[in-house]
Amino acid sequence: MGYTPDFEPVWRRADLLLEGLGMTFVLAIVAMACAIVLGLVIAMGQMSSARVVRRLATGYVQLARGTPLYVYIFWVYYSLGSATGILLTPFQAGVFCLATLYGAYLAEIDRGALQSIQREQREAAVALGLTAWQSFRDIVLPQAVRIAIPPTTNMFAMLFMDTSLVSAIGALELIRVARIGSSESFRPFEFYTVMGLIYVVVVLVVSALSAWLERALRYEDGQALQRSFREAFLERVIRKPFSAPKTPR
Amino acid sequence: MLEFQLETVVASGPRIMTALALTIYISTVSMLSGLAVGLVVSLLRRSGFQPFRLLAVTYISIFRGLPLIAFLIWLYFGVTVAFNIQLSPITAGIVVMTIQSSAYLAEIYRSGMEAIPHTQRQAAVALGLSPVRVFTDVQFPQAVRIVLPAIGNEYIGLVKGSALVSVLGVAELMRTSQQLVQFYQLPFEFFTTAAVLYVAVGVGLGHLFRILEKRIRY
C-alpha cells in the first residue's frame, strides 16, 4: 500500500490521449455510418417477398449475433489476409468488422420499427392515390425513423465501447495510446484510470442523449413531447435514478 | 484456392477442447456470481435509503459504460501495480466479468420486477400474504419467466466476452487459438475453428434456455 497516484504524466501526454480518443471517435462514426446503411439493407432483405433473400438476411443476422467481435476481428485481420491476399489496415479491418456486426444488430431495430407501422396506414395511403414508393417515403419512413432513432443511438454507445477491441490488431485508439503512455511513464494505474473514465463519460452522455431522443421524438395526440436536452439529461442521470421507486411499499 | 488443413486442427483437438472447457468455466462462474451480486445491486437500487440507491446507480452506470477490455486492463495492469495486489489472470477475469454482468443483470432484474403490475402486490397483501410470501409466491415466479430470455442472452454474451480475458494471458479458447496460429502459421484454420465453437456454444445455450423457458411456463 502507500501508493500515491501521480497524474502529472497523464496530463503531459494529453495530446497522445486526445489523438487516441479522436481515432476512437472516427472509428466509431465511420463504422456506425456503414452499419446504418447495411442495417437498413438487411432489414429490407428480411422483409422481402423473395424467400431466398429473406432466408439469407435472417441467417446473416443470426450468424452475426452469435460471433464474438474479438474473434471476428482476428479472423478478418489475420486469416482473411492470408487466405485471400486482401490486406487490410487495422483501421479498415476494424471498420469492416464493427460495421458488419452492428449492421445485423441495427437490422433488428430497423425491422421492428418498420413493422410497427400498421398496414392500415399504407392501405390508407394507397387509397389516397399514393404510389408504393411515395407511401413508403412519406408515410412509413418518417414514423419508423422516429421509432428507430433512440435505440440506434444506444447502439452507438455500444459500438463506441466495442471500438476498444480494435486495439488488439494495433489501431491507435484510446486503449492503445493508454498502453503506450503507461509504458512510457511506468504509470499504468493513472493512464488506465483516465482511459476508463473517458469511456464511461462518453457512454453516459450518449445514452442520456438516447433517452432524451426517446421522449423528444415521441408523438402523443399529434404533439411532440419536446423538452430541452438539459432537462431530460437532468431527469435521466441526476434525478430519476435517485428518486424513490414507483412501487408502493 | 486455399485448402483447409483440417488434420492440423484435429490433431490440436484436445488442446482446443481443454481451452473451450476453460472458456465455459470462466463464463459460468462469472454468470453465477454475477447473478448473486446483481441481485444485491438491484435490491440496493430499490432500497428506501437514498445513499444505497445512489451507490447502486453509480455502480450500474460506471460498469455498463466501461468496455470489458478497458476494465480488464485497468484492473490487471493498473490497480494491481498501484496497490501491490497479487491477482491471477483467471481471478482477475472472473472478477471483472462478474462485476460487469452484475451491472447488466441488476437492470434485467429491475425490468422483470417492474413488469409485474402493482395491483398484484396489493391483491396479495389484501389476501393476507406476508411480504416474503408476496415475493416468493407472487412476484418471483412471474418475474423469472419475464427475465429468463434476457438472462440467457447475458450468459451467451459472457461466453463471447470471455474471449477478451485472453489479453491477460489466460489460456482459454481465444488465447489458445492465437498460440496455435503462431505455432502452425494457420490463422484461417484456427480462428475459424474458434469462431465456429463460440457460435456453437451460443446456439446450444440459446436452445437450453428456450427449453428452460418452456419448462417453467404454467
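In what order do the elements of chain B run from the N terminus on? They go α-α-α-α-α-α-α-α-α, which fits a count of nine helices and zero strands. Keep in mind while you look around that this is a predicted model.

## The two chains

Chain A has a slightly more mixed recipe: ten helices and two strands. Reading along its sequence, you meet α-α-α-α-α-α-α-α-α-β-β-α, with the two strands sitting between the ninth and the last helix.

Here is how the two chains look in numbers.

| Chain | Residues and share buried | Contacts (separation of 6 or more) joining residues at least 24 apart | Accessible surface and carbon and sulfur share |
|---|---|---|---|
| A | 249 residues, 44% buried | 73% | about 13000 Å², 63% |
| B | 218 residues, 49% buried | 75% | about 10600 Å², 68% |

For chain B there's a bit extra to say. Its C-alpha atoms fill a box of roughly 70 × 45 × 25 Å along the principal axes. The chain carries 15 positive and 9 negative side chains, and the centres of those two sets lie 14 Å apart.

## A helix with a bend

Now pick out helix α5 of chain A, which covers residues 90-116. It has 27 residues and reaches 39 Å from its first C-alpha to its last, close to the 39 Å expected at 1.5 Å a residue. Where does α5(A) bend? The spot is A:G103, and the bend there is about 25°. The helix is also mostly covered, with 19 of its 27 residues buried.

One residue that touches this stretch is A:Q46, which lies in helix α2 (residues 14-46) of chain A. Is A:Q46 buried or exposed? Its relative accessibility is just 9%, so it counts as buried. Setting aside residues up to four places away in sequence, A:Q46 touches A:R54, A:A57, A:T58, A:V61, A:A107, A:E108 and A:R111.

## Another stop on α2

A:F25 lies in the same helix, α2 of chain A. With a relative accessible area of 29%, A:F25 is partly exposed. Which residues does A:F25 contact, leaving aside its neighbours within four places in sequence? The answer is A:F160 and A:V202. If you'd like a long distance to trace by eye, go from A:F25 to A:Q118: these two are 93 residues apart along the chain, and their C-alpha atoms are separated by 37 Å.

For a contrast, try A:E8, placed in helix α1 (residues 8-12) of chain A. Its C-alpha atom and that of A:R187 are separated by 9.7 Å, though the two residues are 179 apart along the chain. A:E8 itself is partly exposed, at a relative accessible area of 42%.

## Helix α8 of chain B and what covers it

Over in chain B, helix α8 takes in residues 173-184. Its twelve residues reach 16 Å from first C-alpha to last, close to the 16 Å expected at 1.5 Å a residue. Which residues of α8(B) are buried? They are B:L173, B:M174, B:T176, B:S177, B:Q178, B:L180 and B:V181. An α-helix has 3.6 residues a turn, so residues three or four places apart point the same way. With that picture in mind, it's worth seeing what lies over the buried residues of α8(B). The cover includes α4 (69-84) of chain A, together with α2 (13-45) and α9 (187-215) of chain B.

## Two positive phi values

Just after α8(B) comes B:Q185, with a positive phi of about 55°. That's a positive value in a residue other than glycine. B:Q185 lies in the loop between α8 and α9 of chain B. Its relative accessible area is 61%, so B:Q185 is exposed.

Chain A has an entry of this kind too. The phi of A:F186 is near 55°, again positive in a residue other than glycine. Where does A:F186 lie? It's in the loop between α8 (174-185) and α9 (188-216) of chain A. A:F186 counts as exposed because its relative accessibility is 68%.

Note on methods: Residues numbered from 1 in each chain as written. Chains lettered and ligands numbered in written order. Predicted model: local features only at pLDDT ≥ 70, side-chain atom pairs only at ≥ 80, totals over all residues. Heavy atoms only, no water. Helix = DSSP H or I, 4+ residues; strand = E, 2+ residues; numbered from the N terminus. Expected span 1.5 Å × (residues − 1). Bend = angle between axes of the 7 residues up to and from the residue. Buried < 20%, exposed > 50% of the residue type's maximum accessible area, 1.4 Å probe, protein only. Contact = heavy atoms within 4.5 Å. Areas by Shrake-Rupley, 256 points an atom, 1.4 Å probe, with all protein chains shown as cover. Lys, Arg positive; Asp, Glu negative; His and termini not counted. Charge placed at Lys NZ, Arg CZ, Asp CG, Glu CD.
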